[in-house]
Structure formats: C-alpha cells, structure tokens
Amino acid sequence: MRDFHATLPDYAPTPLIELPLLARELGVGRVFVKDESSRLGLPAFKALGASWAVRRILAERAASGEDALPVTLVTATDGNHGRAVARMARLLGQRAHVFVPQGVHPQAVSAIAAERAEVTQVAGPYDQAVRLAAEASAAADSVLVQDTAWPGYERIPGWIVEGYSTLCAEIDEQLTAAGVTSGPGLVAVPVGVGSLAQAVVTHYRSRPSGRGPALLSVEPEAAACVLESLSLGAPVSITTGATTMAGLNCGTPSSIAWPHLRDGLDAAVAITDPDAARAAARLAELGVSSGPCGAAALAGLRAALTGAGADERRTTLGLGPCSVVVLLSTEGTAANPYSDAGPAAAGRPTS
Ligand SMILES: Cc1ncc(COP(=O)(O)O)c(C=O)c1O
C-alpha cells in the first residue's frame, strides 16, 4: 500500500510528534501524536483510503473495457471522505457526486464543491445520505465509493480500509526511529463507522508475537454506535444527534469492521463536544493543528486515564508510567472549522 501511495504527487509520511508535556500530564512514559492535518494535499487522513479504492475501481474498469466514458464516483460523507473522493475524481479526469448530510460545516461543503463535484445536501443524518448515495450509484457509469460496508457491499469499503494501512506502517517506522523498539502500549482511534479502527486493529493484531498495544476507540456521545454495539454484543444502528465531531457523526458500524472491532478493541469511550474542544485547544497550545475529530483521540485518552476508576482502567489496559501512547489526530483544524462554540452557533442543526 505504501508503494502505491508513494507514487502519488503529494505523498509524504505525516509527522509523528512527541509531546513530553502531555506524557507528564497523563502519567505515562511517552505520548506521540500522528498528525494528519496535511495528507496528500488535504487536511485529513481520508485520501489514503479513497485514492487506493479509486485506483482499484478504475483499473478494473479499464481491464473490462468499461473506460470509454468517464465514471461518476458517488459517495456520502461527513466531510473528509467526500472531499478526498472528489479530489481523486478531479485529478483523474472523472466525475464525483457527493451526498452531504445535515450538520457538516458550510466550508467543508464548499471545499467538496471546489473539487468540481456535484454536491447534494440531504436534510437528514449520515446514514440517510449513505442510502441516497447508494441509490444514485445505480445510474449508468456510476460507482459507489463508500467508506462503510453493509451486507452485499463490502469490496470497495475493504479497499478503503487497506488504504488506511499506510498510516500504521508509517507509525511503525517513526516509532522505531524515535527509539521505541517494542511498539506502543496504547493507540487511541477516533471512530465514525469504524473503518479506520478496522485498519488499526488489523495492523496491530496481525503481528506474529504478542498481542500488541491496547486499542481504544473514541466516539462522540451524540453518535456512539460502536460503543453501543460493543455493549450489546451485536452491531446496531442508533439515532445520532448533533456534534462538532462531524466526521464521527455516524449511526451504524461498518459491517466488515464490526468483527474486528468486537474482537480487537480493548476499550471504547464516548466524549462530549466540550471534551473534544478542550483537547483541540491543548494540542494547539502544543503546536499541533487538530480538528474536533482528530482531538477526540486525546479527549478519549484523558477520559480513560483520569477521574474515578482511572487506576483500575490503567491496569486493565496494561498501562504504566513507562508506557508509550499514540494518538491518531485524524484531521487538522482546516478540515472542520467549528470552534468550541458548538454546532448551533454556526447555524448547524441541533437535532
Ligand atoms: C477526521 C476523521 N477522523 C476519523 C474518522 C472516522 O473514520 P471511520 O468512519 O472509518 O471510523 C473520520 C471519518 O469520516 C474522519 O473524517
């Protein structure tokens, strides 16, 4: 996967930034933040998956002689994935049609349109936008490029997950270069439908020796479908609310992610918008550009490692004063420009 990404014009490994002050604050050995604020020319990690999936789709079409006309790449998005699909379509001379649910910042919607995509705004939540995108992709010369799976639609979301593996491969190299020889003790992952977490679980649970790090999923309280599914022991859809963590505002776990999340996650936590805003502000003080979704990783880590019951949770997660923690900061502030004023302040629907 990295060889493929390395062929893309804007590819460079994103920084893995060590934050010793945060390590001290949280009582662990070392804290690193994987900073996805600039990835393949966009302010979030998502292009890693979209680029690989689009490449596979176009290669298949070429192999079967279906490439005489441009294809329309159809998708639904909370912002970042749709922008990445639209960017790939533009770069490769194809078309994109992107369905955007309510609650996505107008600047994020404009950024998708600026990639010359057709944008359809949906007066409903993310799951509804996904349904409408799937329907629209039945049109001639259209392909659905969705970053979530359901029974009968798994291949393309699987390619997207494969694309995300570059992020984990880079972390391995960067930790080794930083002198961390035995891998991290915990990795915190912001979760929407769980495709990124699926890539993370696959990476860290495929190692020949040992179980690898503890893996912590972090969701908004308004959209904690993975936490709810884990509590019930089966994947469920939930009714989502409003949250500044737009990219995590999803009501249904990806069907191909679910078994990995159920068997591979060690802990799951839901956080509030103010938690995410505080974490983003702290990261900004420390020099890291992190939007609400990206900062969710730090907010979730704080929730796990502080407050009542923290000692027990640290023991359960196998964390001690020397542990190494990696936070996936999956977007920069430019991806999702909400401040801690919250969704209502920017005219975002609150229900
Ligand atoms: C910035 C950001 N972080 C994390 C995620 C979560 O990824 P997933 O939906 O694969 O769980 C998203 C999804 O759109 C996102 O945009």
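Trainee: How many residues of domain 1 are in contact with how many of domain 2?

Mentor: In this predicted model, 35 residues of domain 1 are in contact with 27 residues of domain 2, where contact asks for C-beta atoms, placed from the backbone, that lie within 7 Å.

Trainee: Which elements give two or more residues to the side of domain 1 that touches domain 2?

Mentor: They are helix H1, residues 2-6, and helix H7, residues 155-177. The largest share of that side comes from H7, which gives five residues.

Trainee: What classes do the residues on that side of domain 1 fall into?

Mentor: On the side of domain 1 that touches domain 2, 18 residues are nonpolar, 14 are polar and three are charged.

Trainee: Where do the two domains run along the chain, and what separates their centres?

Mentor: The domain assignment gives domain 1 as 2-45 + 162-346 and domain 2 as 47-156, and their centres, taken over C-alpha atoms, are separated by 24 Å.

Trainee: Why are helices H3 and H4 called oblique to each other?

Mentor: Helix H3, residues 47-63, packs against H4 at an angle of about 40°, and the two axes are 9 Å apart. Angles under 35 degrees count as roughly parallel, while 65 to 115 counts as roughly perpendicular and over 145 as roughly antiparallel. The value of about 40° falls in none of these ranges, and H3 and H4 are therefore oblique to each other.

Trainee: Which residues make that contact, and what is the hand of the crossing?

Mentor: The crossing of H3 and H4 is right-handed. From H3 the contact takes Ala47, Ala50, Ser51 and Val54, and from H4 it takes His81, Ala84, Val85, Arg87 and Met88. By class, this contact has six nonpolar, two polar and one charged residues.

Trainee: Which residues come nearest to the ligand?

Mentor: There are 21 residues around the ligand, and of these Gly192, Ser195, Gly247, Thr330 and Glu331 come nearest. Two or more residues of the shell are given by each of helix H4 (80-91), helix H8 (195-204) and helix H12 (292-305), and the largest share, three residues, comes from H8.

Trainee: How do you know which domains the shell around the ligand draws on?

Mentor: The shell draws at least three residues from each of domain 1 and domain 2, and we can conclude that both domains contribute to it. By class, the shell around the ligand has nine nonpolar, eight polar and four charged residues.

Methods. Residues numbered from 1 in each chain as written. Predicted model: local features only at pLDDT ≥ 70, side-chain atom pairs only at ≥ 80, totals over all residues. Near = placed C-beta within 6 Å. Helix = DSSP H or I, 4+ residues; strand = E, 2+ residues; numbered from the N terminus. Nonpolar A, V, L, I, M, F, W, Y, C, P; charged D, E, K, R; others polar. Domains from an automatic or database assignment. Axes fitted to C-alpha atoms, helices over the stretch in contact; angles between N-to-C directions. Left-handed = near helix turned anticlockwise from the far one by under 90°. Contact = placed C-beta atoms within 7 Å.
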